[in-house]
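Q: Please take a close look at a single part of this structure, and then follow what surrounds that part. A plain account for a first-year student would be best.

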Amino acid sequence: MGGGGGVLAALASVLVLALAGLAGWFLLQRHSAAIQQTNLGAAAARKSRAVVIAGRMGAGKTALWCHLRFPETSATQAVPRTQTSMAVNASEARVAGARVHLVDVPGHQKYRADRDAQLAAASAVVFVVDSVDAARDVRPAAEALYDVLASGGLQDRECPVLVLCNKQDDSRAASNERVRAALEAEIDTLRASRQQALDSLGAAAHDDADRASDFLGFEGKAFSFEDLATPVQFNEASMALGRSAGGLEMVEQWIADALQ
Amino acid sequence: MLDQFTIATKGGVVLWSREYTDIAGRPVDALVQEALIESARTDSTKYTSGAYSLQWAFANELNVIFVAVYQKMLQLPYVEDLLRRVRLHFIARFEAEIRALVDPERAAFPAFDAFNEEFDQVWRAVEERDQRERKSRQAAPRKFEDTKKFQATARGAKLELDELAQAGETLLVPGRKAAKMRAWNERRGGSAGGEDGAAKKAKKGKENRVWEGKASKQAMEALDFSGGGAEDSEGATGSALVDESARGTRTADGIYEVADVAERAGGDDGGFVLLDDSDESSGGNNSGGGGGILGMFRSLASGRTLTLEMLAEPMARMREHLANKNVAADIASEVCQAVAQSMVGMRVGGLQSTRALVEQSMETALTRILTPVSSTDIIRDIDHVRRQERRPYTMAFVGVNGVGKSTNLSKVCYWLLQNNKRVLIAACDTFRSGAVEQLRVHVRNLCALSENQSVEIFERGYGKDSAAIAKDAIAHGAQNGFDVVLIDTAGRMQDNEPLMRALSKLVNVNRPDKILFVGEALVGNEAVDQLEKFNRAMRSFSGQSQTRQIDGIILTKFDTIDDRVGAALSMTYITGKPIVFVGTGQTYTDLRKMNVAQVTRALLRP
């Protein structure tokens, strides 16, 4: 009987030690991950719904991110200047009272993979268009918008999209309606040419690379943004004009509505 | 001298900036776009854009970039030092504010204006240091009297002997008298006036030799160096021998330690100290070596900061891995070096392995290299050219011998025919036997395969000038309403100068919309050489200011390699242009679009 009790005690102590070891291991893992997070370049941990700001290079995404992230500074029109981004800007922020995870992806083509990864987890998307460029040649903006709408599973999740026609303070900027019409015409052509593209290398049919050639809208009917599963809204804005005159309150309201 | 100094996050938010004049254009944007994102081939830290030269530095742990902009024609040697010091000072002062940028509780942008004065101080200190170093390096040139050459001349030799004699004389005479004699000599002009002295001495005539036992009493006493003399007191005081202020310190154990090399203070800076790399505390990790186990526990608890030495081994292994995947050796080492540089300064948790992080960073880097910058939607381009410019879209296929130009040209033709385009094939390979016949067979097959649209061949036989044939073909295509003209050229080695000239002439005369370089996936280090030389030939033999380069790459024989897909990386890295098509077999349907994710996975798979 004493021997049985001794074996039991030994087993119990081994069990306790093992549990303590496991607990310590998990704690250390969490601690290591926390150290990793202190690198500002690392992907920030997401605690709330994500809003992704996408668009071409030079459209004004980082400026919009600054306005939304620093509402107090934005109110006094002292938002910092911006330059071409070479890394993702991601941070928790308070937008119209709600807590959101704001993500600004660089517009350069080389960051396509990062953008697709962020879009895959997005709850709302703001696509910023340079209205001055769009007035001259809408094809690059249309291609970027097509990529955003087709990839990341936005259509499957019916994630709302706001297309912001930025730089309205410039006299050469195209208006809301004109940009919308031009984009619709261009996407109409693009979806045909993308359908005719070659198959992608490799056997994986549902690789993200192939989603970019998904057909948007309905066949036989001219493309219109209403045909999409995601609600698309068009608005005008100007980051340079500051908070009130620049239409930023409308953007914040839209984000608050979209995340409900 | 500096035109602009900018401190910004990598995400594009400008934290602090100082402009000394108006800047034309946006050179910092051009720097980020071209040097830092697009072309990974910058080993130098200097970049030119327009009239400006730019240099930069990173602080990877806080994601901050420091850029200095100055006029291209200036040579400012201290900019690198300035960047380093400013980085140290800025990070030391504003680390908390930079971290607050991602803190959701802070809704106001932190102020960085306080850096204005500190920047001025740092710049002044760096400039002074640079000037001091320059002065010490370029001392005034030596006088001729100090050189060996002078000593070899007769005058020099004589002067030397006289100096010795004088010195010897003063030694022979006891202390005070020696001092008097020296003073007397100096009044007479010292050693510079040695010539006068020498002349006077020479007049004295030859001195008699002093034999033993015949020396005078005075001379004997002077020669007696035994016993301590009060006359040696001169120069024996400690203060004259040792500078008290430069003394070191005595530790508690009584050991005398030499003083550290002192930083000469800037004088009136009121206690401003220029930070140095060695002052930077390395996060408390390296505090005392500790025992093996103790050190390991410490690093487990507080993590470690990555340095180049820590990354050397994982990077070497990664380089070898890439080389095994058929990536060209130079490219593999350049890519690994760039990734290592971007990881320096990052903090790693105790339980995470450096290798996992290295793989993550490599994956991001490789994806970025392989992702195309411009659109690869050829159908859209064809439609655009047909509608707006009302002419056929021309594509030229160039490459070395035997890579599959004609085969892949016919595959592309098949794809275009399936999309209802009218295609004209220009047989500009007028050298290889059977080249034109091969294309005739392809055209016959394709006509049979496609029902409504037709494909034609434009050929002028063998031995003619291919540039002229291409020109006629394009004219024929425009006249008869063809959508696309595909130009097949002869294979040529990249070293063959006359053939490269002929290719350059073809490209310049006809200006095709897309110049596609056909390369096989089996090629290894040769890819680097081929692409560089083709581009260089098209640039240097053109004789024009706007030269054409290779616009896209066709990677052929992809089915013959399993996952040794390194050639894709080498070619994209060298040219910066995308891989437009991938040939995966020898039938008409074996043509694919490039899949970046798949190739990256294949490259990193063990």
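A: A residue is called buried when its relative accessible area is under 20%, exposed when the value is over 50%, and partly exposed in between. The model discussed here is predicted.

The part to begin with is Asp227(A). Asp227(A) has a relative accessible area of 14%, so the residue counts as buried. Its place is the loop of chain A that runs between helix H9 (208-211) and strand S6 (232-236). Leaving out residues up to four places away in sequence, Asp227(A) touches Gly217(A), Phe218(A), Lys221(A) and Ala222(A). With one of these, Lys221(A), there is a polar contact between the two side chains, at 2.8 Å.

From this loop the account moves to the place where the chains meet. Here 75 residues of chain B are in contact with 59 residues of chain A. Together the two chains bury about 5,900 Å², and 54% of this area is on carbon and sulfur atoms. In chain B, the residues that lose the most area to chain A are Leu351(B), Arg380(B) and Lys593(B), which together make up 12% of what that side buries.

The interface also has polar links. Four salt bridges are found across the interface of chain B and chain A. One salt bridge joins the side chains of Asp114(A) and Arg368(B), with N and O 3.6 Å apart. Between the two chains, 22 residue pairs are in polar contact. On the side of chain B that touches chain A, helix H1 (residues 27-38) of chain B gives the largest share, seven residues. Sorted by kind, the residues of that side are 36 nonpolar, 20 polar and 19 charged.

Next comes the interior. In soluble globular proteins, nonpolar side chains tend to be buried together. The largest nonpolar core of this model has 91 residues, and Met343(B), Met362(B), Met395(B), Phe397(B), Leu416(B), Leu486(B) and Phe581(B) have the most contacts inside it. Setting aside neighbours within four places in sequence, the contacts of Met343(B) include Leu306(B), Leu311(B), Met315(B), Leu357(B) and Val358(B). Asn60(B) and Ser361(B) are also in contact with Met343(B). Apart from this core lies another, of 59 residues, among them Trp65(A), Val95(A), Leu102(A) and Leu76(B).

Helix H21 (residues 596-604) of chain B also has a buried side. Its buried residues are Val596(B), Val599(B), Thr600(B), Ala602(B), Leu603(B) and Leu604(B). Among the elements of chain B that cover them are H11, helix H13 (354-370) and helix H20 (566-575). The N-terminal end of H21(B) is capped by Asn595(B), which has a side-chain oxygen 3.3 Å from the backbone nitrogen of Ala597(B).

Helix H11 of chain B carries a salt bridge, in which the side chains of Glu313(B) and Arg317(B) meet at 2.9 Å, N to O. The two residues are four apart in H11 of chain B, so about one helical turn separates them. An α-helix has 3.6 residues a turn, so residues three or four places apart point the same way. A similar pair belongs to helix H3 (residues 115-137) of chain B, where Arg134(B) and Asp130(B) are four residues apart, about one helical turn. The closest N and O atoms of their salt bridge are 2.8 Å apart. Arg134(B) is partly exposed at 35% relative accessible area, whereas Asp130(B) is buried at 12%.

Another salt bridge reaches further along the sequence: the side chains of Asp465(B) and Lys505(B) meet at 3.0 Å, N to O. Asp465(B) is in the loop between strand S12 (455-458) and helix H17 (466-479) of chain B, and Lys505(B) is in helix H18 (residues 497-510) of chain B, so the pair ties together parts 40 residues apart in sequence. Both ends are partly exposed, Asp465(B) at 38% and Lys505(B) at 41%. Elsewhere, Arg139(A), Glu143(A) and Asp381(B) are joined into one network by salt bridges that share partners. Over all chains the structure holds 37 salt bridges.

Two loop residues of chain B complete the account. Asn326(B), in the loop between helix H11 (308-324) and helix H12 (329-343) of chain B, has a positive phi near 75 degrees. Arg390(B), in the loop between helix H14 (378-389) and strand S10 (393-398) of chain B, has a positive phi near 55 degrees. Asn326(B) is buried at 12% relative accessible area, while Arg390(B) is exposed at 68%.

Key: Residues numbered from 1 in each chain as written. Chains lettered and ligands numbered in written order. Predicted model: local features only at pLDDT ≥ 70, side-chain atom pairs only at ≥ 80, totals over all residues. Heavy atoms only, no water. Contact = heavy atoms within 4.5 Å. Buried area = accessible area lost by both parts, 1.4 Å probe. Polar contact = N/O pair within 3.5 Å; in protein donor to acceptor, adjacent residues only side chain to side chain. Nonpolar A, V, L, I, M, F, W, Y, C, P; charged D, E, K, R; others polar. Buried < 20%, exposed > 50% of the residue type's maximum accessible area, 1.4 Å probe, protein only. Core = buried A, V, L, I, M, F, W, Y, C linked by side-chain atoms within 4.5 Å.
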